[in-house]
Amino acid sequence: MRVATGLWPAWPRGPIKSVIYGKVDRGDYTVEKVYFASLPGHYVTGSLYRPKGGRSPAGTRRPGILCPHGHWPNGRFYDAGAAKAAAQMKKGAEKFEAGARFPLQARMVQLARMGCVVFHYDMVGYADSGALPHRSGFGDVPAVLRLQNLMGLQTFNSFRAVDFLESLPDVDGKRIAVTGASGGGTQTFMLCALDQRPRVAFPAVMVSTDMQGGCVCENCCFLRPGINNITIAALFAPRPMALSGADDWTINIETRGLPELKTIYGLFGKSELVHAKCYPQFGHNYNQVSREMMYAWMNQYLKLGLVDPIRERDFEPIVPAPTGGLRRRTSAAEGRDVPGTISGGAVGPGRATVRSVVDRGTQGGGSLPSCGWFGGESAVGRFSGGKPRCEAHRQWGPGRGRNVPDGDDFPRW
């Protein structure tokens with residue numbers, strides 16, 4: 001999986017130097033703006049939700065929960081609109097108008113009210129992460145042959161989001177959880193398969209035997225030869241994981257997917273630590289019904305000590321400004337807008353080592369083309385900011401595409 005996503009050799013991970021500011025006080029919780037560099041020149045952006053009062057009443061650190069979002073318009077600021085909200089409330093999917101219009105924020109608010117520190121971070125190309133478009137880039141033949149892909153970049157951002165949570169003085173690094181829906185569900189199971197730090201997971205409306213993901217950020221070469229997302233999700237065993245399904249490709253999760261996962265968990269004697277529930281009366285969603293299923297799971301396995309059932313309460317959403325985001329920087333040399341890229345890093349392994357590992361990881365399914373770019377480049381390798389050594393990598397020249405926060409354009413609220 002690391003080879004397929006371009007995350008081998010390992011990318012450098014220096015200390016997180018986050019900027020947290022612009023606190024909004026909502027009475028029993030706060031919301032703050034966050035950005036930090038996951039790699040030099042590439043920024044992760046998001047919102048940090050915290051319970052009021054710092055550490056817990058007992059003086060202990062709080063659980064930290066990562067919340068990647070899926071492909072909802074405008075990402076973490078998704079607003080379903082009044083008409084769709086009314087329809088959701090009518091069918092029993094939501095109780096409050098705020099939750100129906102801003103279902104992604106509803107999850108963050110309730111988890112903060114439950115005593116957790118929650119980081120709601122942007123997918124590449126969404127909301128404040130506007131320097132690199134979400135569905136373009138890494139699509140030419142040289143990029144594919146060198147295992148450059150958006151899935152790898154986004155997965156690395158998730159690694160760094162865990163680093164960010166662990167850097168906070170009020171977060172218990174031994175109680176990290178992850179939950180996201182749809183494309184956020186893909187980010188959830190990818191992170192949890194490749195990183196041992198998350199202790200609890202809830203990928204919603206994504207894991208199934210029927211569909212692997214409909215976006216470039218959910219797919220890459222060599223990732224699923226002869227397997228599906230059930231196999232990837234099973235790598236989280238035996239840590240507690242629950243899944244929700246809906247009237248979409250996850251509708252059969254209770255009968256096709258869950259039994260196989262229980263078999264894997266059973267090898268550890270922990271079959272009770274994986275669970276799935278489908279709500280076929282609803283379309284693709286992370287609505288209040290499935291969110292409250294998730295709250296119960298987090299309460300139990302993060303040991304929050306709350307009384308079940310946990311019910312959402314109404315809240316005041318954060319409404320973004322109509323314009324903003326990370327503005328694309330203009331190249332001084334070329335006088336045009338350029339996308340954000342990644343740069344820097346220590347010297348990585350030699351060409352022969354790279355070829356050997358990639359060939360093993362892809363089951364010998366072909367070798368990489370000859371290109372001096374593999375010779376002595378950085379461990380970041382596939383996104384090197386150093387001077388390119390072949391024509392195919394001209395776009396990765398030095399000093400291009402820094403998506404550095406730029407004044408009032410960042411962030412959007």
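**Sheet, cores and salt bridges of the predicted model**

R256 is partly exposed, with a relative accessible area of 37%. In this predicted model, the residue takes part in a salt bridge with D210, in which nitrogen and oxygen are 2.3 Å apart. The partner, D210, is likewise classed as partly exposed, at 42% relative accessibility. Because R256 belongs to the loop between strand 8 and helix 8, whereas D210 belongs to the loop between strand 7 and helix 7, the pair ties together parts that are 46 residues apart in sequence. The elements named here are described below, beginning with the sheet.

Nine strands form an open sheet with mixed pairing, and their order is 1-2-3-5-4-6-7-8-9. The edges are occupied by strand 1 (19-25) and strand 9 (274-278); each has a single partner strand, so one side of each is left without a neighbour in the sheet. From one strand to the next, the twist averages 20 degrees. Within the sheet, strand 4 (residues 62-68) is paired with strand 5 (residues 117-121) in the parallel sense, over five bridges. In this pairing, P68 is found opposite Y121 of strand 5.

Helices lie against the sheet. Helix 3 (residues 103-113) crosses strand 2 (29-39), strand 3 (42-51), strand 4, strand 5 and strand 6 (171-181), and runs at about 50 degrees to strand 3. Helix 6 (residues 183-194) also packs on the sheet, where it touches strand 4, strand 5, strand 6 and strand 7 (198-204). The direction of helix 6 makes about 140 degrees with that of strand 6.

The nonpolar interior was examined next. In soluble globular proteins, nonpolar side chains tend to be buried together. The largest nonpolar core comprises 61 residues, and L66, F119, F164, L165, M241 and L261 have the most contacts inside it. Helix 5 (residues 150-167) gives the most to this core, contributing nine residues. A second, separate core consists of 44 residues, among them C67, M108, V109 and F282.

L261, one of the residues with the most contacts inside the largest core, lies in helix 8 (residues 258-266), where L258, L261 and Y265 are buried. These three residues cover an arc of only 60 degrees around the axis, which puts them on the same side of helix 8. The cover over the buried residues of helix 8 includes helix 7 (229-234), strand 8 (241-245) and strand 9. For L261 itself, with neighbours within four places in sequence left aside, the contacts are I230, A233, A234, M241, L243 and V274.

V144, in contrast to these buried residues, counts as partly exposed, at 33% relative accessibility. V144 belongs to helix 4 (residues 141-145). Residues up to four places away in sequence not being counted, V144 touches F138, G139 and C221. The C-alpha atom of V144 is separated by 10.0 Å from that of G6, although the two positions lie 138 residues apart along the chain as a sequence separation.

Side chains of opposite charge can pair when their charged atoms come close. The structure contains 19 salt bridges. One of these joins D25 and K52, with a nitrogen-to-oxygen distance of 3.1 Å. D25 is located in strand 1 and K52 in the loop between strand 3 and strand 4, so the pair ties together parts that are 27 residues apart in sequence. Both ends are classed as partly exposed: D25 has a relative accessibility of 47%, and K52 one of 37%.

Where, buried or exposed, does D122 stand? D122 forms a salt bridge with R76, and the closest N and O atoms are 2.6 Å apart. This pair links distant parts of the chain, 46 residues apart, with D122 in the loop between strand 5 and helix 4 and R76 in the loop between strand 4 and helix 1 (82-90). D122 is buried, because its relative accessibility of 4% falls under the 20% limit. R76 counts as buried too, at 1% relative accessibility. Salt bridges also form a network, in which R13, R160, D163, E166, D195 and R197 are linked.

Methods. Residues are numbered from 1 along each chain as its sequence is written. This is a predicted model: local features need pLDDT of at least 70, side-chain atom pairs count only at pLDDT 80 or more; totals for chains, interfaces and linings use all residues. Side-chain values use heavy atoms; hydrogens and water are left out. A nonpolar core is a set of buried Ala, Val, Leu, Ile, Met, Phe, Trp, Tyr and Cys residues joined through side-chain atoms within 4.5 Å. Buried means under 20% relative accessible area, exposed over 50%, partly exposed in between (1.4 Å probe, protein chains only). Helices (H or I, at least four residues) and strands (E, at least two) are DSSP runs, numbered from the N terminus. Contact means heavy atoms within 4.5 Å. Two strands pair if DSSP finds at least two bridges between them. Axes are lines fitted to C-alpha atoms, for helices over the stretch in contact, and angles run from 0 to 180 degrees between N-to-C directions. The arc is that of the directions from the helix axis to the C-beta atoms. A salt bridge is a side-chain nitrogen of Lys or Arg within 4 Å of a carboxyl oxygen of Asp or Glu.
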